[in-house]
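Visitor: I would like a close look at one part of this model. Please take me through what packs around it, residue by residue where that helps.

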Amino acid sequence: MITLVLGGARSGKSAYAEKIIEDLGGGIYLATSRVWDAEMAERVQIHQARRNDLWRTIEEPVAIHDIIANTDKPMLVDCLTLWLSNLMEMEADIDQETEQLCRALKMAKQDVVLVSNEVGLGIVPDNALARKFRDLAGKINQTVAQTADRVIFVAAGLPLTMKE
């Protein structure tokens with residue numbers, strides 16, 4: 001089962017996604033974030049403090065498709081928008097990376113839950129880079145949602161099933 005969990009910042013999407021994997025007995029937490037500053041370090045620490053011994057953490061900011069393809073344990077990928085930031089910084093081919101991700105998801109032997117921010121619900125960003133990020137994130141979310149068996153939108157900690 002491939003599940004995409006979408007939501008805004010601090011919507012409860014990561015906690016919801018973690019519960020899905022914990023209900024399966026735990027698994028791999030594939031963290032895509034890079035820690036650039038104290039604020040990001042604090043965010044990572046909050047996520048780590050929430051996890052128990054049911055988790056094994058793998059930190060990989062870019063090659064997530066390789067890890068998905070080479071494991072058989074339930075996996076949480078948190079998150080696709082940070083993954084996108086990393087790819088943009090590297091000037092990677094976003095379409096190619098997304099295709100590789102979806103191929104890995106289609107061949108996955110295990111349950112995979114992916115978390116992503118829905119960034120297109122607010123105001124139009126005032127600069128070209130932020131608009132490009134918003135547009136690419138929306139495209140990735142749509143592509144992964146097509147591949148996923150289930151899509152959940154979380155707002156205020158409450159899940160809404162969009163695709164089952």
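Guide: Take the pair H4 and H6. They pack at an angle of about 125 degrees, and their axes lie 10 Å apart. Axes here are lines fitted to C-alpha atoms, for helices over the stretch in contact, and angles run from 0 to 180 degrees between N-to-C directions. H4 and H6 are therefore oblique to each other. The cut-offs are under 35 degrees for roughly parallel, over 145 for roughly antiparallel, 65 to 115 for roughly perpendicular, and oblique for the rest.

The model is predicted: local features need pLDDT of at least 70, side-chain atom pairs need 80 or more, and totals for chains, interfaces and linings use all residues. Numbering starts from 1 along each chain as its sequence is written, and side-chain values use heavy atoms, without hydrogens or water.

Now the residues. From H4 come Leu80, Thr81, Trp83, Leu84, Ser85 and Met88. From H6 they meet Leu129, Lys132, Phe133, Leu136, Ala137, Ile140 and Val144 (contact means heavy atoms within 4.5 Å). By class, this contact divides into ten nonpolar, two polar and one charged residues. Ala, Val, Leu, Ile, Met, Phe, Trp, Tyr, Cys and Pro count as nonpolar, Asp, Glu, Lys and Arg as charged, and the others, Gly among them, as polar.

Place H4 in the chain next. Helix H4 spans 80-90 (helices are DSSP runs of H or I, at least four residues; strands are runs of E, at least two; both are numbered from the N terminus). Strand S4 (75-78) comes before H4, and Cys79 sits in the loop between the two. The peptide bond from Asp78 to Cys79 is cis, with omega near 5 degrees. At the other end, H4 is followed by Glu91. Glu91 has a positive phi of about 60 degrees, although it is not a glycine. Glu91 belongs to the loop between H4 and helix H5 (94-107). Glu91 is exposed, at a relative accessible area of 74% (exposed means over 50%, buried under 20%, partly exposed in between, with a 1.4 Å probe and protein chains only).

Which residues of H4 are buried? They are Leu80, Thr81, Trp83, Leu84, Asn86, Leu87 and Met88. The cover over them includes strand S1 (2-7), helix H3 (64-69), S4, H5, strand S5 (112-117) and helix H6 (128-147).

Two of these residues deserve a stop. Start with Thr81, in helix H4. Thr81 is buried, with a relative accessible area of 6%. The side chain of Thr81 makes a polar contact with the side chain of Asn117, at 2.6 Å. Such a contact is a pair of N or O atoms within 3.5 Å; within protein, one must be able to donate a hydrogen and the other to accept it, and residues adjacent in sequence count only if both atoms are side-chain atoms. Leaving aside neighbours within four places in sequence, Thr81 touches Ser116, Asn117, Phe133 and Ala137.

Then Met88, also placed in helix H4. Its relative accessibility is 18%, and Met88 counts as buried. With neighbours within four places in sequence left out, Met88 is in contact with Ile94, Leu129, Lys132, Phe133 and Leu136. Met88 and Val144 are 56 residues apart in sequence; their C-alpha atoms are 18 Å apart in space.

H5 is the other partner to look at. H4 and H5 pack at about 140 degrees, with axes 11 Å apart. H4 and H5 are therefore oblique to each other. Leu80, Trp83, Leu84, Leu87 and Met88 supply the H4 part of that contact, while Ile94, Glu97, Thr98 and Leu101 supply the H5 part. By class, that gives seven nonpolar, one polar and one charged residues.

One pair remains. The axes of H5 and H6 come within 10 Å and cross at roughly 20 degrees. That makes H5 roughly parallel to H6. On H5, the residues are Ile94, Asp95, Thr98, Leu101, Cys102, Leu105 and Lys106. They meet Leu136, Lys139, Ile140, Thr143, Val144 and Thr147 of H6. This contact holds seven nonpolar, three polar and three charged residues.
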